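Visitor: I should like a close look at a single part of this model, namely its largest pocket, together with the helices and the other empty space that bear on it. Please describe them in one connected account.

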Amino acid sequence: MSADSTTVEDGVEWAAAAIPRQYASGHEIASVLASLGKANAAKYLLGKVPTGIRARSGELGEIIGTQYATRELGYRMLARLRWKDSREMPMRGDDLLGVRLEKGGSLAFLKGEAKSRAYLSKTTLNEAETALLREHGRPSAHSLSFMASRLFEMGDTDLSNRIKAAMLQNRIAQKQVTHLLFTFTGNNPRKILREHTESYTGRVRRLVVGLQVHEHQEFISNVFKRVVRSARTR
């Protein structure tokens, strides 16, 4: 997928609108707003949003990848950035983890890596490959436990218990897992992603998605500028 100049502004608007909900729920922000006022609600939200270029790039790639997995693939995903320990430090676990209840009651899992780079290289793809193949291609126990706990706290006890049963009673089969390699880049990733995909010999089904925005760094900067401006003026 490649965003041309006519769609980049729409993309900035969409991403800026999606970002706040990735760091705090609408209910939480509304509560802070009601009890402490607009200025403190903005301060609270922006205190969760990264300021460093590298952290912003990586997290925007993860956010877009999460939205893709939710909207296009139908997986239940978490806005996991809400639980970050530090706004500038990456979280532990799989970049993307989704779950979907199939007909018959079995679970399908999505394990994904999201890479955001102005220039996508083979080194970056090899890093993603290494991460995807850990645990024999299955989601990590840490990521599964994290998701199950968050779903339980959110009131989805049935799905939470199904994930726990898959972890503790039934070994997750590789056929239950799909890999997603999601890249958000400034350069055209088509050739390098095709070569990488053709060389893959693993047993887990893999999807590869490349989103290209020529003005990669400018796009990221504009998205977060709009987030900051919107938080302070809403």
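Guide: The account below begins with the pocket, follows its lining elements outward, and ends with the remaining helix pairs. The model is predicted, and every value given here is computed from it.

The largest pocket holds about 830 Å³ of space. Its lining comprises 29 residues, of which Pro90, Met91, Asp95, Ala114 and Lys115 are the closest to its centre. Sorted by class, the lining of this pocket has 16 charged residues, 7 nonpolar and 6 polar. Three elements each supply at least two residues of that lining: α4 (53-71), β4 (107-117) and α5 (122-133). Two of these, α4 and α5, lead on to further features of the model.

The first route is through α4. A search of the whole structure finds 2 cavities of 30 Å³ or more, and the second largest cavity contains about 40 Å³ of space. Gln22, Glu62, Ile63, Thr66, Leu78, Ala79, Arg80 and Leu81 line this second largest cavity. Among the elements, α4 gives the most to its lining, with 3 residues. Thus α4 supplies residues both to the largest pocket and to the second largest cavity. The class make-up of the cavity lining is 4 nonpolar, 2 polar and 2 charged residues, to be set beside the 7 nonpolar, 6 polar and 16 charged residues that line the largest pocket.

The second route is through α5. Its axis and that of helix α8 (residues 190-198) come within 11 Å and cross at roughly 40 degrees. Angles from 35 to 65 degrees count as oblique, and α5 and α8 are therefore oblique to each other. Their crossing is right-handed. On the α5 side, the contact is made by Lys122, Leu125, Asn126 and Glu129, and on the α8 side by Ile192, Leu193, Glu195 and His196. The residues of this contact of α5 with α8 are 3 nonpolar, 2 polar and 3 charged.

Two other helix pairs may be set beside this one. Helix α2 (residues 26-36) and helix α3 (residues 38-46) pack with their axes 7 Å apart, at an angle of about 145 degrees. The crossing of α2 and α3 is right-handed. Glu28, Ile29, Val32, Leu33 and Leu36 of α2 make the contact with Lys38, Asn40, Ala41, Tyr44 and Leu45 of α3. By class, the contact of α2 with α3 has 7 nonpolar residues, 1 polar and 2 charged.

Helix α6 (residues 141-153) and helix α7 (residues 157-168) form the other pair, with axes that come within 8 Å and cross at roughly 155 degrees. That angle makes α6 roughly antiparallel to α7. The crossing of α6 and α7 is left-handed. From α6, Ala141, Leu144, Ser145, Met147, Ala148, Leu151 and Phe152 meet Thr157, Leu159, Ser160, Ile163, Lys164 and Met167 of α7. In this contact of α6 with α7, 9 residues are nonpolar, 3 are polar and 1 is charged.

Terms used:
Residues are numbered from 1 along each chain as its sequence is written. This is a predicted model: local features need pLDDT of at least 70, side-chain atom pairs count only at pLDDT 80 or more; totals for chains, interfaces and linings use all residues. Side-chain values use heavy atoms; hydrogens and water are left out. Axes are lines fitted to C-alpha atoms, for helices over the stretch in contact, and angles run from 0 to 180 degrees between N-to-C directions. Helices (H or I, at least four residues) and strands (E, at least two) are DSSP runs, numbered from the N terminus. Angles under 35 degrees count as roughly parallel, over 145 as roughly antiparallel, 65 to 115 as roughly perpendicular and the rest as oblique. A crossing is left-handed if the near helix is turned anticlockwise from the far one by less than a right angle, and right-handed if clockwise. Contact means heavy atoms within 4.5 Å. Ala, Val, Leu, Ile, Met, Phe, Trp, Tyr, Cys and Pro count as nonpolar, Asp, Glu, Lys and Arg as charged, and the others, Gly among them, as polar. On a 1 Å grid over the protein atoms alone, a cavity is a set of points where a 1.4 Å probe fits but cannot get out, and a pocket is an open set with protein on both sides within 12 Å along at least five of seven lines; lining residues have an atom within 4 Å of a point. Grid points are joined across faces, edges and corners, and a volume is the space filled by probe spheres set on the points.
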